[in-house]
Amino acid sequence: MDVELDHCRIEVTHEESVEATILSPQRELPGVLFVHGWGGSQEHDLSRAREAAALGCVCLTFDLRGHRARAASRDTVTRPQNLQDLCAAYDWLVQQPHVDRDAIALVGISYGGYLAALLSQSRPVRWLALRTPAIYLDKDWDAPKRQLNADPELAGYRRRPLAADQNRALQACARFTGDVLLVEAEHDEIIPRQVIDNYAGAFSSARSMTRRLIRGASHAFDDKAEQKDYTDVLVSWMTEMIVGSRGAIAERKVRDYKQEGRIDAVR
């Protein structure tokens with residue numbers, strides 16, 4: 001994401017002109033990729049995608065295999081296959097015209113947050129927003145995803161403090177150097193607070209991390225008020241990250257321009 005700064009001359013009359021400087025955003029726009037949770041669909045993300053698009057972002061939602069039109073594979077689809085889906089969606093997005101491949105945000109919910117964390121290790125991601133991200137044991141990596149919740153070890157595993165090197169997703173988080181938003185549901189019956197604590201602890205190299213608790217929310221965010229609270233948190237954070245970064249770039253361009261002696265003073 002960049003800002004172009006050019007010196008120009010504006011004709012006032014045939015004999016007179018004024019000097020001017022124009023700052024404009026480059027044509028490429030930030031890209032935002034939304035990843036729904038297990039049992040969800042891209043429809044859950046459309047309202048937030050519209051909000052992000054209003055900020056000047058190119059947004060993409062999609063359905064993971066095992067959902068909607070591909071629901072027939074629900075019992076057999078695996079984590080590697082869904083991660084492959086996400087990689088394909090990411091690669092498609094960054095190849096679109098006007099998408100800045102250096103300004104990509106991932107927004108993941110639950111299982112989608114888990115996949116988003118994993119993707120950040122293999123694809124450039126600048127902003128990572130995770131709502132109630134799930135976590136799973138690394139074992140049985142190629143087993144059908146639906147079988148993972150039946151693992152008697154899973155509930156206890158999610159209540160254990162984990163270091164970053166003890167889980168594949170947390171390892172990816174430890175290597176992430178962008179900005180993070182971590183959203184927790186106050187009454188989450190599926191993802192214990194310890195999981196959120198583990199994710200938060202893993203982001204040791206992040207440029208920034210913002211953690212928010214949505215009061216009264218369950219894991220599914222069924223209540224419309226809770227959905228609105230989450231949307232407000234997400235959009236506020238994205239505004240700060242994306243619009244703020246543009247402002248910082250513009251400020252740097254003006255400072256550099258002044259140092260080159262091309263502008264005497266800028267107030």
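**Figure 1. Secondary structure and overall burial of the predicted model.** The protein contains 8 helices and 8 strands. The model shown is predicted. Of the 267 residues in the protein, 49% are buried. Among contacts with a separation of 6 or more, 69% join residues 24 or more positions apart. The accessible surface comes to about 13500 Å². Carbon and sulfur atoms account for 47% of that surface.

**Figure 2. Helix 3, a mostly covered helix.** Helix 3 spans residues 111–119. Of its 9 residues, 9 are buried. The run opens with Tyr111, Gly112, Gly113 and Tyr114, which are buried. Leu115, Ala116, Ala117, Leu118 and Leu119 are buried as well. Two of these residues return in the view of Cys87: Ala116 through a C-alpha distance, and Leu119 through a contact.

**Figure 3. Cys87 in helix 2.** Cys87 sits in helix 2, which covers residues 79–94. Its relative accessibility is 15%, so Cys87 counts as buried; the cut-off is under 20%. Beyond residues up to four places away in sequence, Cys87 touches Leu119, Ser122 and Arg123. Leu119 is itself a buried residue of helix 3. Cys87 and Ala116 are 29 residues apart in sequence. In space, their C-alpha atoms are 9.5 Å apart.

**Figure 4. Buried residues of helix 7 and their packing partners.** Helix 7 runs over residues 193–202. Its buried residues are Val195, Ile196, Asn198, Tyr199, Ala200 and Ala202. Which elements do the buried residues of helix 7 pack against? Two helices take part: helix 3 and helix 6 (168–175). The strands involved are strand 6 (127–131), strand 7 (179–185) and strand 8. The partner helix 3 is mostly covered.

**Figure 5. Ser41 in a loop.** Ser41 lies between strand 3 (29–35) and helix 1 (46–54), in the connecting loop. Is this loop residue buried or exposed? Ser41 counts as buried because its relative accessibility is 6%, under the 20% cut-off. Setting aside neighbours within four places in sequence, Ser41 is in contact with His36, Asp63 and Arg68.

**Figure 6. Thr231 in helix 8.** Helix 8 covers residues 224–259, and Thr231 lies in this helix. With a relative accessible area of 11%, Thr231 is buried. Which residues does Thr231 touch, not counting those up to four places away in sequence? They are Arg48 and Glu51. Helix 1, at residues 46–54, covers both of these positions.

**Figure 7. A negative surface patch.** Four residues form the patch: Glu189, Asp222, Asp223 and Asp229. Asp223 is placed in the loop between strand 8 (208–214) and helix 8 (224–259). Its relative accessibility is 38%, so Asp223 counts as partly exposed. Strand 8, at one end of this loop, is also among the elements packed by the buried residues of helix 7.

**Figure 8. A nonpolar patch on the surface.** Ile10, Val12 and Val18 make up this patch. Together they have about 250 Å² of accessible area. Val18 belongs to strand 2, residues 17–25. At 40% relative accessibility, Val18 falls between the 20% and 50% cut-offs and therefore counts as partly exposed.

Definitions and conventions:
Residues numbered from 1 in each chain as written. Predicted model: local features only at pLDDT ≥ 70, side-chain atom pairs only at ≥ 80, totals over all residues. Heavy atoms only, no water. Helix = DSSP H or I, 4+ residues; strand = E, 2+ residues; numbered from the N terminus. Buried < 20%, exposed > 50% of the residue type's maximum accessible area, 1.4 Å probe, protein only. Contact = heavy atoms within 4.5 Å. Patch = residues over 30% accessible without salt bridge, like charges linked within 9 Å, V, L, I, M, F, W, Y side chains within 5 Å. Areas by Shrake-Rupley, 256 points an atom, 1.4 Å probe, with all protein chains shown as cover. Salt bridge = Lys/Arg side-chain N within 4 Å of Asp/Glu carboxyl O. Lys, Arg positive; Asp, Glu negative; His and termini not counted. Charge placed at Lys NZ, Arg CZ, Asp CG, Glu CD.
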